[in-house]
Amino acid sequence: MKKLILTAFSLATAFAAHAQLQPAKQTPESSELWSPVPRFVTPGKPSTAVSGFTAPSDAIVLFDGKNLDAWVSGKDGKAAAPWTVGDGAMTVAPKSGDIQTKQTFGDYQLHIEWRTPAKVEGNSQGRGNSGIFMQGIYELQVLDSYNNPTYSNGQAGSIYKQTMPLVNATVGPGEWQTYDVVYTAPHFNKDGQMTIPPYITVIHNGVLVQNHTMIQGTTPYVGQPTIEPHGKGPIKLQDHNNTTSFRNIWIREL
């Protein structure tokens with residue numbers, strides 16, 4: 001009995017000590033990483049008007065510059081996508097909401113090009129902010145990170161609030177940029193436990209910035225990642241009240 005009491009006391013003491021280490025309240029700043037700062041690398045110049053390649057023969061074209069037929073909006077995913085289309089690009093209509101693909105995906109290769117506004121307004125997370133969500137859940141950050149200090153795990157090329165990019169490969173405001181992504185979806189067992197986490201590789205403007213990076217869970221603005229069982233999901237693009245544009249979007253299921 002004495003041994004049992006001591007064990008219970010030890011556990012209670014350990015839990016009390018653990019509770020004291022926990023922050024009283026989660027804030028956005030509690031998950032920001034400001035140091036180290038990824039070094040800046042000047043990427044190579046694109047050789048054509050459209051960076052990279054046009055879609056390969058086995059790709060699903062999600063946006064070819066003409067319309068938003070492959071995209072929807074709204075919580076139920078049934079409303080027409082309200083963003084604007086012009087000059088071969090789609091542009092966020094601020095405060096209209098996120099948009100996502102009608103189709104859902106598991107493992108894939110994704111090519112997407114994006115451009116932050118040429119006129120610089122705001123700073124830190126307020127400059128050209130958007131995001132590309134794998135399976136509608138895990139955010140690859142889009143941001144004007146050219147001479148724009150912000151927290152390292154929130155700059156362009158980061159897995160938002162988790163993993164900063166290996167380097168800062170952004171180009172100037174108003175210039176087109178590319179992400180080439182290889183993504184493998186997580187696996188869950190019947191009890192909802194994650195048996196294999198999601199992984200992502202990202203090449204930004206021809207420069208490797210995420211190298212088979214494990215995604216720890218959701219990518220919230222406030223708080224820590226959580227694990228939420230799910231199946232296939234859409235590609236979601238974020239409306240963050242900045243007029244960021246996208247073009248030449250295609251995907252290959254793996």
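Let me begin at one end of a pairing, with Tyr108, whose bridge partner in strand E16 is Glu253. Please keep in mind throughout that what we are looking at is a predicted model.

That pair belongs to a longer arrangement, since strand E7, which covers residues 108–115, is joined to E16 by seven bridges, with the two strands running antiparallel. E16 itself spans residues 245–253, and if we ask how many of its nine residues are buried, the count is seven, so this strand is largely enclosed by the rest of the structure.

E16 has other partners as well. Strand E1, residues 60–63, runs antiparallel to E16 and is joined to it by three bridges, and here you can find Phe63 standing opposite Ile249. Strand E5, residues 89–91, is also antiparallel to E16, with two bridges between them.

I would like to stay with E5 for a moment, because Thr91, at 17% relative accessibility, falls under the 20% cut-off and therefore counts as buried. Thr91 lies in E5 and stands opposite Ser245 in E16, and the side chains of these two residues also make a polar contact, at 2.7 Å. What else does Thr91 touch, once we leave out residues up to four places away in sequence? The residues it touches are Trp83, Thr84, Thr243, Thr244 and, once again, Ser245.

Now let us go back to E7 and look at its pairing with E10. Strand E10, residues 177–184, is joined to E7 by seven bridges, again in the antiparallel sense, and in this pairing Ile112 stands opposite Tyr179. E10 in turn pairs with strand E13, residues 199–204, over six bridges that are also antiparallel, and there the bridge partner of Val181 is Val202. If you follow the pairings in order, then, you can trace a path from E16 to E7, from E7 to E10, and from E10 to E13.

Several of these strands come up again when we turn to the interior. In soluble globular proteins, nonpolar side chains tend to be buried together. Here the largest nonpolar core has 39 residues, and those with the most contacts inside it are Trp71 and Phe246. The strands that each supply at least two residues of this core include E1, E7, E10, E13 and E16, and the one that gives the most is E7, with four residues.

Let me turn next to the aromatic rings, for which the count comes to six pairs. One of them is formed by Trp34 and Tyr151, and it is edge-to-face, with 6.0 Å from centre to centre and 65 degrees between the planes. This pair links distant parts of the chain, 117 residues apart, because Trp34 lies in the loop between helix H1 and strand E1, whereas Tyr151 lies in the loop between strand E9 and strand E10. Are the two residues buried or exposed? Trp34 is partly exposed, with a relative accessible area of 45%, while Tyr151, at 3% relative accessibility, counts as buried. Together with Tyr160, these two residues form one aromatic cluster.

One last ring deserves a look before I stop, and that is the ring of Phe133, over which the charged end of Lys236 sits, 4.5 Å from the ring centre.

Notes: Residues are numbered from 1 along each chain as its sequence is written. This is a predicted model: local features need pLDDT of at least 70, side-chain atom pairs count only at pLDDT 80 or more; totals for chains, interfaces and linings use all residues. Side-chain values use heavy atoms; hydrogens and water are left out. Buried means under 20% relative accessible area, exposed over 50%, partly exposed in between (1.4 Å probe, protein chains only). A polar contact is a pair of N or O atoms within 3.5 Å; within protein, one must be able to donate a hydrogen and the other to accept it, and residues adjacent in sequence count only if both atoms are side-chain atoms. Contact means heavy atoms within 4.5 Å. Rings of Phe, Tyr and Trp (its six-membered ring) pair if their centres lie within 6.5 Å; planes under 30 degrees apart count as stacked, over 60 as edge-to-face and the rest as tilted. A charge sits over a ring if NZ of Lys or CZ of Arg is within 6 Å of the ring centre and within 35 degrees of the ring normal. Two strands pair if DSSP finds at least two bridges between them. A nonpolar core is a set of buried Ala, Val, Leu, Ile, Met, Phe, Trp, Tyr and Cys residues joined through side-chain atoms within 4.5 Å.
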